[in-house]
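Here is a short report for a reader meeting this structure for the first time. Look it over, then read on.

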Amino acid sequence: MLRLASGEKVLSYVLILPASLFLAAFFFVPFVQVVVEAFTGEEGFTLAHFRTMADDWKFGPALANTLGLALVVVPVQITLALVMASLVTRLERGRDMVLYVFTIPLGISDLAAGLIWFALLEQNGFLNSILYGLGLISGPQNLLDYRNTAALFAAVVVAEVWRATAIVLVILVAGMGLIPKEYDEAAEVFGAGPLKRFFLITLPLLRPSLQTALILRTILAFEVFAVVAVLAGNNLPVLMGETYSWQFDLQDHKVASAYAIVILAISLAFTVFFLWALRDRTREAAA
Amino acid sequence: MTSLATTEAEAPARAEPRRSGRLLMASAVAVLVAWVLVPIYLLVVNAFGSVAAVSAWPKSLVPEFDLSSLAFFANYAGVPRALLNSFLVAGLTMVMSIGLGAPAGYALARFRFPGANLFRLAVLMTRAFPLPLLALPLTVLFIRVGLDDTIIGLALVHTTLAMPFAVLIMASLFLSIPEELEEAAWTLGCSRLSAFRKVVLPLALPGIAAAGIFAFVISWNEVFAAAVLTIENKTLTAFLLQSLDVSPLPLKFAGGAVLIVPALLFLFAVRKYLFSLWGIANR
């Protein structure tokens, strides 16, 4: 690895060239284009598209719903994934099987997850049928009433927690595998109970994985789209859904790009925030 | 695990609470397993129900193994085409991700060259962006170059999603294959290329396949870019999304079930690699 004959140098550039060109063409260029589209009109720089976006009555609710969903969904997912990961690592038998089951939603698209929960929650769906069978309700209830924003919000939260906790779980389980067993054993020898060990040993040592999981999940939470489309249609506006309808239904690429900039901006802001909030303070103290 | 066993042997007095703790743990695991599996099971019940049963009240929790919903889905206008499109886009994404990602991963694993860190950073940076949004400007570009509403155009966008994973997975995969094996092959008269083909590639093949499957699933499941970029050549996700308002219930549920089947099969195939894949991809 340390040898670097000039031939190898050439070879390494040849090897990364296709991937680099691809990223330049399909990541950096479109990224610049989104920015240009969002900020330019016929006479150069303009904020008109952002004004159009903000003046639309759906913008406020879309922003509030997207942030609200992320704020509720991500902490629940992190907590649930921590519980799942702790359980799995303590299992003596069937560990692989349980892990496989827990990670199944990883392969399921947000659209399919939306449809799965739609089957449960729709008026003639399974939840109503079960409640009816238990004698708790007298007939089909409309659980996804378009006028009941809170119910729609809750349905999306449940479907998102069901679908996307797996990715957090995988990151955390991989992270827990990197923590030396000796720390936990030493703490146990000194009489620390399971809860104390979890909060004083596992959780602090899991910080890098938690950071990764938080960043990844928060960005993905801002992209929430198909689950909402299936369960709430247009009655629970979210940023990605509005982007889609400006682009596809209203055919206004400029305003769609403005929405894209908003999503990019909040994603970036939260990434920076998590990088800062969960930075390695021990290294800082040493320096 | 071992610590648990030894403390139990040393402290039989504490065995009783341990047992109840274990019972608590087992029930927690059971509840969580049910939380994951029951919703999927219920979708399958719907997919294997007759068209009448899907809209019936109250619903039966037992599947009747009636294929009429699935047949209805398969014969619905646009579905076979969408299914084929999904396969083609995902297949192409898989090929391009590996084709671009494997060489770059090999370079990152074997050579320390100026710019390597910059390249790694660029790859990692893509992860911090809501990539499907990049489909917006690409619609304009694709119209200009004639790639609008094509399988290839969409596959290019999906490759942007999947390739960064492929690069990182490949890098760590090649890193795990000892360089000494390659060097031994050179001393035995192999060229760099034939050493790679005869020594490294066979060892790396299962991991490459897993990374490819990973790319396939990413593309198969993608909704936003697919819905924005395709009109006539819709993928299954784009088709289902755009017909949400008009499609009857059996179509929705059968479509959902069809959507999850390949993903589950593939996930099962790569389950051994799942944690190394994600562990690497998210470092």
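The report below covers membrane annotations, the contact between the chains, one helix pair and the domains of chain B.

This is a predicted model.

**Annotated spans**

Start with the UniProt record. Its unreviewed entry places the feature "transmembrane region" in chain A at residues 12-36, 62-85, 97-120, 150-174, 214-236 and 256-278. For chain B, the unreviewed UniProt entry gives the annotation "transmembrane region" to residues 23-44, 87-109, 121-145, 151-178, 199-220 and 249-270. The table shows the computed make-up of some of these spans.

| Span | Helix | Strand | Distance between end C-alpha atoms |
|---|---|---|---|
| Residues 97-120 of chain A | 75% | 0% | 26 Å |
| Residues 150-174 of chain A | 100% | 0% | 36 Å |
| Residues 23-44 of chain B | 100% | 0% | 31 Å |
| Residues 151-178 of chain B | 89% | 0% | 39 Å |

**Where the chains meet**

Chain A brings 81 residues to the contact, and chain B brings 73 residues. On the side of chain A that touches chain B, helix α1 (residues 6-39) of chain A gives the most, with 18 residues. That side of chain A holds 56 nonpolar, 16 polar and nine charged residues.

**One helix pair**

α1(A) packs with helix α5 (residues 79-110) of chain B. The angle is about 135°, and the axes are 8 Å apart. α1(A) and α5(B) are therefore oblique to each other. The crossing of α1(A) past α5(B) is left-handed.

Which residues make the contact? From α1(A) come Ser12(A), Leu15(A), Ile16(A), Pro18(A), Ala19(A) and Phe22(A). From α5(B) come Leu100(B), Gly101(B), Pro103(B), Ala104(B), Tyr106(B) and Ala107(B). By class, the contact of α1(A) with α5(B) has ten nonpolar, two polar and no charged residues.

**Domains of chain B**

The domain assignment of chain B gives domain 1 at 2-70 and domain 2 at 78-281. Taken over C-alpha atoms, the centres of domain 1 and domain 2 of chain B are 32 Å apart. Nine residues of domain 1 of chain B and six residues of domain 2 of chain B form their contact.

On the side of domain 1 of chain B that touches domain 2 of chain B, α2 (15-47), α3 (51-54) and α4 (68-75) of chain B each supply at least two residues. The largest share of that side, four residues, comes from α2(B). By class, that side of domain 1 of chain B has six nonpolar, three polar and no charged residues.

How values were computed
Residues are numbered from 1 along each chain as its sequence is written. Chains are lettered from A and ligands numbered from 1 in the order in which they are written. This is a predicted model: local features need pLDDT of at least 70, side-chain atom pairs count only at pLDDT 80 or more; totals for chains, interfaces and linings use all residues. UniProt positions are given in the numbering used here, feature names are shortened, and annotations may be inferred rather than shown by experiment. Domain bounds come from an automatic or database domain assignment. Two residues are in contact if their C-beta atoms, placed from the backbone, lie within 7 Å. Ala, Val, Leu, Ile, Met, Phe, Trp, Tyr, Cys and Pro count as nonpolar, Asp, Glu, Lys and Arg as charged, and the others, Gly among them, as polar. Axes are lines fitted to C-alpha atoms, for helices over the stretch in contact, and angles run from 0 to 180 degrees between N-to-C directions. Angles under 35 degrees count as roughly parallel, over 145 as roughly antiparallel, 65 to 115 as roughly perpendicular and the rest as oblique. A crossing is left-handed if the near helix is turned anticlockwise from the far one by less than a right angle, and right-handed if clockwise.
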